[in-house]
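Reader: Hi! I'm new to reading protein structures, and I'd love a close look at one single part. Could you pick a strand and walk me through its surroundings?

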Amino acid sequence: MSFRNKFAAARALALVSFLALSGFLASSGPASALTAAATVRDANSIQLGDVTYRLDGVDAPELDQVCIDDHADPWTCGIEARDQLAKLINKRSVRCDDVGPEKSFGKRHRAICTAEGDKVSLNEQLVKLGYAIAREPIKANVKAAAADAKTASAGIWKGCFVAPQEFRTGKKDGALLGAACRADRDKEIRAALFPEELTMPPSCSIKGKLAVRARVTGNIGIYHLRGCPSYPATTRPDRWFCSEDDAQAAGFRKAYNCRRPK
């Protein structure tokens with residue numbers, strides 16, 4: 001074989017190898033384990049680099065969710081739960097072990113996450129403190145912690161709340177949970193848990209409305225950005241989101257007349 005033919009063959013082999021490797025990288029999902037500085041998106045979501053994980057086996061109040069405390073006063077339990085997770089991490093690096101896709105939250109994956117130096121996962125610690133409840137599927141060791149938190153009336157269990165999943169879907173007639181729930185105050189409690197004017201969490205200005213017509217595209221609602229024609233007309237939003245990624249992960253699509261603000 002001439003030198004020219006050998007060079008051409010080597011170049012072809014290198015090109016095939018490069019394309020194969022590129023295809024592999026493009027098709028691969030999040031790493032099975034990732035360790036990095038963590039950004040707490042909410043009490044359920046931790047971002048490491050460009051990857052956002054949902055805590056496996058955990059369902060925590062959303063940032064815009066309201067609970068009732070043991071004195072029957074409404075409080076922003078979702079923000080408190082997020083802050084509790086941030087305190088548990090305390091600016092340490094976090095390792096998240098990917099345990100599979102989270103089918104209810106777009107392309108995000110479930111993970112068991114542990115802060116540097118800890119032996120107990122953040123999943124278990126947050127549930128033990130009572131700022132999250134156990135949710136199937138579960139690979140993380142949280143069931144015993146969930147039972148202990150409920151028995152001790154810890155965190156959100158000291159008051160009254162609805163499961164975060166039912167808040168997300170606007171199920172106002174779902175089960176009331178917690179030590180302070182009273183059957184003789186059912187109507188008043190539900191009115192407090194699902195207020196007509198849902199308070200916007202800080203820096204979370206995207207409005208979400210549950211909508212039957214959104215089901216055509218496989219969603220549960222529609223979100224509206226500042227600067228969109230539909231934004232001022234969207235009153236009494238059912239949800240508030242901090243980013244489009246969060247809105248999409250929750251099953252909301254962008255309003256068709258909505259364009260990204262300049």
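Author: Happy to! One term is needed before we start: a residue counts as buried when its relative accessible area is under 20%. With that in hand, let's look at strand E8, which spans residues 109-115. E8 is mostly covered, since five of its seven residues are buried. Please keep in mind that this is a predicted model.

How far can you trust it? The mean pLDDT of the protein is 88, and 86% of the residues reach 70 or more. One stretch calls for care: over residues 15-29 the pLDDT falls below 50, and beyond near neighbours in sequence this stretch has zero contacts in the model. Where pLDDT is low, the predicted coordinates should not be read in detail.

Now for the partners of E8. With strand E7 (93-101), E8 pairs in the antiparallel sense over seven bridges. You can find one of these positions at Asp97, whose bridge partner in E8 is Ile112. With strand E3 (51-55), E8 pairs in the parallel sense, over three bridges. Here you can look at Arg54, which stands opposite Arg110 in E8. As you follow a strand along, it helps to know that in a regular strand the side chains alternate between the two faces of the sheet.

E7 and E8 are also joined by a disulfide. Cys96 and Cys113 form this bond, with their sulfur atoms 2.1 Å apart. The link is right-handed, with 110 degrees about the S-S bond. Cys96 sits in strand E7 and Cys113 in strand E8, so the pair links distant parts of the chain, 17 residues apart. Both cysteines are buried.

Cys113 brings us to the interior. The largest nonpolar core has 36 residues, and Cys113 is among those that touch the most other members, along with Ile46, Leu85, Val94, Leu122, Leu126 and Ile156. E8 supplies at least two residues of this core, and so do E3 and E7, as well as strand E2 (45-48) and the helices H2 (77-89), H3 (122-128) and H4 (143-152). The largest share, five residues, comes from H2. Val94 gives a good view of how E8 fits in: leaving aside neighbours within four places in sequence, Val94 is in contact with Cys113, Thr114 and Ala115, and its other contacts include Leu48, Ile89 and Leu122. Apart from this core lies another, of 24 residues, among them Val66, Ile222, Cys228 and Ala250.

Finally, how does the disulfide in E8 fit among the others? The structure holds five disulfides. Another of them joins Cys67 to Cys77, with 2.1 Å from S to S. Cys67 lies in strand E5 and Cys77 in helix H2, so this pair ties together parts that are 10 residues apart in sequence. Cys67 is buried, with a relative accessible area of 0%, and Cys77 is buried at 0% too. A further disulfide is formed by Cys160 and Cys181. Cys160 is buried at 0% relative accessibility, whereas Cys181 is partly exposed, at 23%. If you number the bonded cysteines in sequence order, the pairing of the protein reads 1-2, 3-4, 5-6, 7-9, 8-10.

To bring it back to E8: this strand pairs with E7 and with E3, and Cys113 within it is bonded to Cys96.

Notes. Residues are numbered from 1 along each chain as its sequence is written. This is a predicted model: local features need pLDDT of at least 70, side-chain atom pairs count only at pLDDT 80 or more; totals for chains, interfaces and linings use all residues. Side-chain values use heavy atoms; hydrogens and water are left out. pLDDT is the predictor's confidence in each residue, from 0 to 100. Contact means heavy atoms within 4.5 Å. A nonpolar core is a set of buried Ala, Val, Leu, Ile, Met, Phe, Trp, Tyr and Cys residues joined through side-chain atoms within 4.5 Å. Buried means under 20% relative accessible area, exposed over 50%, partly exposed in between (1.4 Å probe, protein chains only). Helices (H or I, at least four residues) and strands (E, at least two) are DSSP runs, numbered from the N terminus. Two strands pair if DSSP finds at least two bridges between them. A disulfide is a pair of cysteine sulfur atoms within 2.5 Å.
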